[in-house]
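Open the structure in your viewer and keep the selection panel handy. We will go from the whole chain to a few strands, then to a pocket and some single residues.

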Amino acid sequence: MRTTRLNRAILAGLGAVLLVGVTVYAATSVISGVGTMAHFEPFNGPATMTARSLFINANEVLGWHQHPGIGAYTIVKTGTLTVEDGCGGEVAYPQGTAFIEPPGRVHRGKAGAVPVETVQTFVVTVGVAFSVNVPQACGRPLVVDECKGNGWFEFTYPRTFSNQGDCVQFVTTGK
């Protein structure tokens, strides 16, 4: 009797997850260290540094997300990680490469035919998460040139822009 109730509860929970549309990923994040800096000049205050390993199964596609703070400093230890930008385009990073996932830029990772392991470092303001799940969007512009030629119109996260000058001001001042 008890097992039947438990089975029903599990099935009801799974059904709720399917109805709500929550995506469950098999990727595993293993935190290897967390520390606090009393003062980090770019934030003009305290910051938290986190180091982790991320294990992504073969052919797995992660959800859309962005990294606050300084972004994510990433090393691909095994496999090939393809990073799809929310603004369009993809870049494949094979084993042994390192790259920076810029802060505020919406993206997602995709593993190829073999599992991927990355090592990442994050620095964020104390109390802020190092990764934030968001809907697919064209994340913050990184350079002024992305604002030109109606490029400003494409950006939708963290906000939209009213014109090219508004976009350029955001890139140069962060506001």
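What follows is a tour, stop by stop, with something to select at each one.

**Before you start**

This is a predicted model, in which local features need pLDDT of at least 70 and side-chain atom pairs count only at pLDDT 80 or more, while totals for chains, interfaces and linings use all residues. Residues are numbered from 1 along each chain as its sequence is written, and side-chain values use heavy atoms, with hydrogens and water left out.

**Stop 1: the whole chain**

Show the chain as a cartoon. You will find 2 helices and 10 strands, where helices (H or I, at least four residues) and strands (E, at least two) are DSSP runs numbered from the N terminus. Followed along the sequence, the pattern reads α-β-β-β-β-β-β-β-β-β-β-α.

Now colour by accessibility. Of the 175 residues, 34% count as buried; that term means under 20% relative accessible area, with exposed over 50% and partly exposed in between (1.4 Å probe, protein chains only). The accessible surface of the chain comes to about 10100 Å², and carbon and sulfur atoms hold 59% of that. These areas come from the Shrake-Rupley method with a 1.4 Å probe; for residues, only the protein chains shown count as cover.

If you draw contacts (heavy atoms within 4.5 Å), take those with a separation of 6 or more: residues 24 or more positions apart account for 66% of them.

**Stop 2: strands 1, 2, 9 and 4**

Select residues 28–40 and 45–56, which are strand 1 and strand 2; they run antiparallel and are joined by 10 bridges. Two strands pair if DSSP finds at least two bridges between them. Ile31 stands opposite Arg52 in strand 2. The two strands form a hairpin with 4 residues between them, and Asn44 in the turn has a positive phi of about 55°.

Add residues 116–125, strand 9, which pairs with strand 2 in the antiparallel sense over 10 bridges. To find the register, look for Phe55 opposite Glu117 in strand 9. Strand 9 is mostly covered, with 7 of its 10 residues buried.

Which strand pairs with strand 9 over 6 bridges? Bring in strand 4, which is antiparallel to strand 9, and look for Val76 opposite Thr118.

**Stop 3: the largest pocket**

Turn on a surface. The largest pocket has a volume of about 400 Å³. Here a pocket is an open set of points on a 1 Å grid over the protein atoms alone, where a 1.4 Å probe fits, with protein on both sides within 12 Å along at least five of seven lines; lining residues have an atom within 4 Å of a point. Grid points are joined across faces, edges and corners, and the volume is the space filled by probe spheres set on the points.

Its lining has 21 residues, and Leu62, Gly63, His65, Ser131 and Asn133 are the ones nearest the centre. The elements that give two or more residues to this lining are strand 2, strand 5 (80–85), strand 8, strand 9 and strand 10 (132–133). Strand 2 gives the most, with 3 residues.

**Stop 4: His67**

Select His67, in the loop between strand 3 (65–66) and strand 4 (72–78). Is His67 buried or exposed? It counts as buried because its relative accessibility is 1%.

Its side chain has a polar contact of 3.0 Å with the side chain of Glu101 and another, at 3.5 Å, with the side chain of His107. A polar contact is a pair of N or O atoms within 3.5 Å; within protein, one must be able to donate a hydrogen and the other to accept it, and residues adjacent in sequence count only if both atoms are side-chain atoms. Beyond four places in sequence, His67 also touches residues including Phe122, Phe130 and Ser131.

**Stop 5: Asp85 and Ala111**

Move to Asp85 in strand 5, which is buried at 18% relative accessible area. The side chains of Asp85 and Arg105 make a polar contact of 3.0 Å. Contacts of Asp85 outside its neighbours within four places are Trp64, Arg105, Val106 and His107.

Finish on Ala111 in strand 8 (residues 107–111), buried with a relative accessible area of 10%. Measure from Ala111 to Ala58: they are 53 residues apart in sequence and 5.5 Å apart in space, C-alpha to C-alpha. Among the other residues in contact with Ala111 are Ile56, Thr80 and Val116.
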